[in-house]
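Student: Please take a close look at one part of this model with me. I would like to see how its pieces fit together.

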Amino acid sequence: MLKVAIIDRSFFGNKQHPARRLLNTLARAAMGWVDDGDRSARSLYGRIEAAVGRILSDFNDDIGLFAQVYDEFSSFVDREARGAEVAEERINQVTRGQEQLLIARRRVAEVLNEFRIAQPDLPPAVVNILREGWHDVMLLAYLREGEESIAWKNAFSAVDELIWSVQPKVESADRQRLLKAIPDLLKRLRDGLNNISFDQHRAGQLFTDLQVSHIAALRGESDAWQAAAEELVPEEVALSVSAEPEVVEDESYERAQALEVGQWLEWQRDETWVRGKLSWRSQVTSACIFVNRKGMKVAEMSTNEIAMRFRSEQARILEGLTTPLMDRALTAMLGALDD
């Protein structure tokens, strides 16, 4: 590089100078490198070694050599980048899907358990329908179309109507309304269960039990459980999330929150340091997914966990990646001269 600078004075002023472009590209590629022991000619290490070796052995006074080596190396980097983007997007899609499923399970559990709290004395037939089948009907509606959809509202109203249908009917008008409502209610329940491929034999048993509850309701009687009420969807299953240490909102936590997608982080794992790029951050659980230069997942950490690593000096942000290496070097040199 010193030799190039002496031969070609445009080296300092031209940011697109072939030698500067090559050095910057080598530096950017090396930022994601982790020593996995692969030093073969096809590895990143091998490609960098070959590029540097060729400059050292072949460069005399032809600046064009840097352009040739740059074209060859950047082609390799671009191919790797395209493959990494595909792998990274696949990981992010899976992670987003898992988060959506968690959100949906939480919401369905919340809704069904609210029904259970409001009406603790429900017949076993109703409890079994909601717990075994209708939970999944609501889950599917939420995942496919969301809470504002007609499918979700229909599934919700079906629960409301089902619970009303098994309550004792004392007034004649209520009995007449129930008689008219039962065929439509049963059709809605069957259609919903068929939509999730619910076991037909089990569905038949549930509807037989529900018929008993409906007959009791028409007689003004209750077929409700006498036992203590149970949750329709156990929260410890649907809402399971790992407990985290208390959040300390200090400078380290602010740094962790400020991490942007695409930023590189280095952290200590056992006796080694690992590098990863922040690929995706959850807006619900604060989980952060980190990938390596090939787009493969290397870690999943919460914002709080990253902050704890900052606090204990077991993690550091790899700064200055947006500024090319050569520009940083020249800026540092000028700063030293000013001092």
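Tutor: Start with helix H12, residues 303-311. Helix H12 lies across five strands: E1, E2 (272-281), E3 (287-291), E4 and E5. Helices (H or I, at least four residues) and strands (E, at least two) are DSSP runs, numbered from the N terminus. Contact here means heavy atoms within 4.5 Å. H12 runs at about 95 degrees to E4. Such angles run from 0 to 180 degrees between N-to-C directions, and the axes are lines fitted to C-alpha atoms, for helices over the stretch in contact.

A word on the source: this is a predicted model, where local features need pLDDT of at least 70, side-chain atom pairs count only at pLDDT 80 or more, and totals for chains, interfaces and linings use all residues. Residues are numbered from 1 along each chain as its sequence is written, and side-chain values use heavy atoms, with hydrogens and water left out.

Now look at the strands under the name of sheet. The 5 strands form an open sheet in the order E4-E3-E2-E1-E5, and the pairing is antiparallel. Two strands pair if DSSP finds at least two bridges between them. The edges are strand E4 (297-302) and strand E5 (315-317), each pairing on one side only. From one strand to the next, the twist averages 35 degrees.

Follow the E5 edge. Strand E1 (residues 264-269) is joined to E5 by 3 bridges, and the two run antiparallel. Take Trp267: its bridge partner in E5 is Ala315.
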